Amino acid sequence: MNSSQRIWIKAPLATLDNHCAGGIVIEGQRIVELVASGATPVSSVDEVFDAREHVMLPGLINSHHHFYQTLTRAYPQALNKSLFSWLKSLYPVWARLGQEMIEVSTQVALSELLLSGCTTASDHHYLFPDGLENAIDIQMEQARKLGMRVHLTRGSMSLGVDDGGLPPQSTVQDEDTILADSERLIQRYHQAGEGAMSQVALAPCSPFSVSESLMRASADLAKKHGVRLHTHLAETHDETAFCIEMFGLRPLDYLEKVGWLNDQVWLAHGIHFNDDEIRRLGEAGTGIAHCPSSNMLLASGMCPTLDLERAGSPVGLGVDGSASNDGSNMIQEVRQAFLLQRLRYRADEITHQKVLSWATEGSARCLGRQDIGKLEVGMQADIALFKLDELRFAGAGDPLAALVLCGAHQADRVMVAGEWRVLDGAIVGQDLNDLIARQKSLARKLATVT
Ligand code: ZN
């Protein structure tokens, strides 16, 4: 869209907040006006999109993923296992990743997310075998081509089996290499300001794959450059046992010891915390990316979302890697969170609005963003429009609730930073059949290389 053009997304069928029932006006990359029910915009517009058949949401924000894992969905040797044995089955396979695999799997994951209404995606990439030192550069290029907003984290593993860790020695890197590359990526890709399309965060993988010194050094480097920190924490009882055995501390005590208990950090999973730990996380303002499908698939447990939120922690949603989901569908993940969390909390506490707020505002807070996740004047024009014309919605009453309860899979239109990236349920300029064929062929190659 020409930067001075104004488009009115007019009178949607439903919105997450009723304050813009008459729609929104977008100019360039931003929302410039909210229109009340039955009203027309105050200033003139160049184009009107009639949204009477669409439910309008702020673009969904995915706060935790591993794009490369789309190559190992439903991987036969990893089925029906819990986290540690699942990881041990997959590490040697992932160690064989190559450049084209990163390129195509990133495109697959981002496309799946975009089609499901997601406009901002975070990824946690921690595998850099020989020849794949530029994995995150490849991811950045693919995100730019698709026009998606990304928060790519420079993951790392430095604690191999020889030193008491879980991953094979061949998949870990030395600390100097990790830190130098982290700094290179921040300098090259991190956009600090409003409307940023790419940000970088530092993400040592987990307590059982990273040395204590790397945790501390990553925190120092993140502070130096003003970037955020991310890791997996409190995912399984096995991890708690590992931390007690290895460090003599529970996972959160370890996190605090290495200087990570603060509001610049968001954690994937956050399941096995006691009451005192929840209180400390909330006081620190540390964010939690809740990943319901992955937690169910690996039988890891259930995140105490509302307790964390009440204590003060931002709670976002993540699909997690596509080897433990095994999809990258963000609106489906909203439904998973809705259903799973109703097993822990009351029905009137876990509403469809609540889980949608985790997937938008909550994830934005986890990523440290104030310019996305809400439909307000001055916010970035990131929106997802869903039609309710599929069989699954036939007979539905409340349109917003129907998205979650009837199981929406796909957005009809998606806009990122004022540009339409999905039109009529298809990504603009993409040959989806070609992408699927390339991914299938590479997945087969990855599974069979010896
Ligand atoms: Zn993960």
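In the predicted model, strands β15 and β16, the latter spanning residues 413–416, pair in the antiparallel sense over three bridges, and within this pairing Leu-385 has Arg-413 of β16 as its bridge partner. Strand β15 also pairs with strand β6 (residues 54–58), again in the antiparallel sense, here over five bridges; in this case Leu-57 is matched with Ala-384 of β15. Strand β15 itself, which runs through residues 383–387, is mostly covered, with four of its five residues buried.

A second element examined was helix α4, which comprises the 15 residues 175–189 and extends 21 Å from its first C-alpha to its last, close to the 21 Å expected at 1.5 Å a residue. At the N-terminal end, α4 is capped by Asp-174, a side-chain oxygen of which lies 3.1 Å from the backbone nitrogen of Asp-176.

The buried residues of α4 are Ile-178, Leu-179, Asp-181, Ser-182, Leu-185, Ile-186 and Tyr-189. When the helix is viewed down its axis, these buried residues fall within an arc of 165°, and they therefore line one face of α4. Such an arrangement can be read against the general geometry of helices: an α-helix has 3.6 residues a turn, so residues three or four places apart point the same way. The face turned away from the buried side of α4 carries the exposed residues Asp-176, Gln-187 and Arg-188. The cover over the buried residues of α4 includes helices α3 (135–146) and α5 (212–225), together with strands β9 (149–156) and β10 (198–204).

Terms used
Residues are numbered from 1 along each chain as its sequence is written. This is a predicted model: local features need pLDDT of at least 70, side-chain atom pairs count only at pLDDT 80 or more; totals for chains, interfaces and linings use all residues. Side-chain values use heavy atoms; hydrogens and water are left out. Buried means under 20% relative accessible area, exposed over 50%, partly exposed in between (1.4 Å probe, protein chains only). Helices (H or I, at least four residues) and strands (E, at least two) are DSSP runs, numbered from the N terminus. Two strands pair if DSSP finds at least two bridges between them. The expected span of a helix is 1.5 Å times one less than its number of residues. The arc is that of the directions from the helix axis to the C-beta atoms. Contact means heavy atoms within 4.5 Å. A polar contact is a pair of N or O atoms within 3.5 Å; within protein, one must be able to donate a hydrogen and the other to accept it, and residues adjacent in sequence count only if both atoms are side-chain atoms.
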